[in-house]
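Grab a coffee and work through these exercises with the model open beside you. Each one starts with a task and then walks through a solution.

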Amino acid sequence: MVSTVEGDGGDEICLADISAAQDGDAAAYARLVESWGGPLLRFCHHHLPATMDAEDVVQDVLLTAWQKLPDLDDRSRFRAWMYTIARNRCREVIRTAGRRATDPVAPDDVPVRIDTRQDPARAHARDAAMTALRKCVDRLPGNQRRIWVMAHLDGLGYAEIADIEELPVSTVRGRLARARATIAEEMEPWR
């Protein structure tokens, strides 16, 4: 019997928390939110244009999850279930975005933090490489970018990504391979 599901970066979420939250235990749900808030925010940032507020979307996703949690039959699929809710909400927000005005923010306007405890030259080189990687990932076609982010930043497996994106596993593998090849080629100067 499965007693945990993998969370962000290998953390495990107790299935008992999921079960308790399904029964209305707000403290158990708060623990789930604490574990999943960061991964969902990262997921939404990569699924939405820079002009959209991913934090608002995450709040909507967490509220929807709380409301629909009693309907979750297979607790071991909690992670895929959460990402599916997030994906659907991101799609809805993008679809309705043309109906409201937004203030665009260029990715270059987002400050990059430098840890002053490190060697400044090394920190600058690392930050420049990360900025180059971020731009490279942003240039990927949307279908490749989403899959790359889910695989490499969210740590999802092929089957989970296929389930979330509603694609065959072979398509997920192909898109991920193309994304990796593009990134490897563009990041060659940084090796």
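A salt bridge here is a side-chain nitrogen of Lys or Arg within 4 Å of a carboxyl oxygen of Asp or Glu. Keep in mind that this is a predicted model.

**Exercise 1. Check whether Glu160 and Arg79 qualify as a salt bridge, and say where the two residues sit.**

Step 1: Look up the gap. The closest N and O atoms of Glu160 and Arg79 are 2.7 Å apart.

Step 2: Compare with the cut-off. The limit is 4 Å, so Glu160 and Arg79 do form a salt bridge.

Step 3: Place the partners. Glu160 belongs to helix α7 and Arg79 to helix α4, so this pair, 81 residues apart, ties together distant parts of the chain.

Step 4: Put the pair in context. Searching the whole structure turns up nine salt bridges.

**Exercise 2. Work out how helices α3 and α4 are arranged, and what their contact is made of.**

Step 1: Start with what to look for. Two packed helices are described by the angle between their axes and the distance between the axes.

Step 2: Read off the geometry. The axes of α3 (residues 54–68) and α4 (residues 78–96) come within 9 Å, crossing at roughly 130°. That makes the two helices oblique, and α3 passes α4 in a right-handed crossing.

Step 3: List the contact residues. From α3 come Val57, Asp60, Val61, Leu62, Thr64, Ala65 and Lys68, while α4 supplies Trp81, Met82, Ile85, Ala86, Arg89, Cys90 and Val93.

Step 4: Sort them by class. The contact holds 10 nonpolar residues, one polar and three charged.

Step 5: Zoom in on one of them. Arg89 sits in helix α4 and, leaving out residues up to four places away in sequence, touches Val57, Asp60 and Val61. The C-alpha atoms of Arg89 and Val61 are separated by 6.9 Å, with their positions 28 residues apart along the chain.

**Exercise 3. Describe the crossing of α1 with α2, then do likewise for α6 with α7.**

Step 1: Take α1 (residues 15–22) and α2 (residues 26–47). Their axes come within 7 Å and cross at roughly 130°, so they count as oblique. The crossing is left-handed.

Step 2: Find who touches whom. Asp17, Ile18, Ala20 and Ala21 of α1 make the contact with Ala28, Tyr29, Arg31 and Leu32 of α2. By class, that gives six nonpolar, no polar and two charged residues.

Step 3: Move on to α6 (residues 142–152) and α7 (residues 158–165). Here the axes come within 10 Å and cross at roughly 140°, which again makes the pair oblique. α6 passes α7 in a right-handed crossing.

Step 4: Name the contact. Arg146, Ile147, Met150 and Ala151 in α6 meet Ile161, Ile164 and Glu165 in α7. This set splits into five nonpolar, no polar and two charged residues.

**Exercise 4. Decide which element of the chain has the lowest mean pLDDT and which has the highest.**

Step 1: Begin with the overall picture. Mean pLDDT for the protein chain is 80, and 79% of its residues reach 70 or more.

Step 2: Pick out the extremes. Strand β1 (residues 4–6) has the lowest mean value, 47, and helix α8 (residues 169–186) the highest, 91.

Step 3: Look around the weak spot. Over residues 1–11 pLDDT stays under 50, yet the model has 27 contacts beyond four places in sequence for this stretch.

Step 4: Draw the lesson. Where pLDDT is low, the predicted coordinates should not be read in detail.

Note on methods:
Residues numbered from 1 in each chain as written. Heavy atoms only, no water. Axes fitted to C-alpha atoms, helices over the stretch in contact; angles between N-to-C directions. Helix = DSSP H or I, 4+ residues; strand = E, 2+ residues; numbered from the N terminus. Parallel < 35°, antiparallel > 145°, perpendicular 65-115°, else oblique. Left-handed = near helix turned anticlockwise from the far one by under 90°. Contact = heavy atoms within 4.5 Å. Nonpolar A, V, L, I, M, F, W, Y, C, P; charged D, E, K, R; others polar. pLDDT = per-residue confidence, 0-100.
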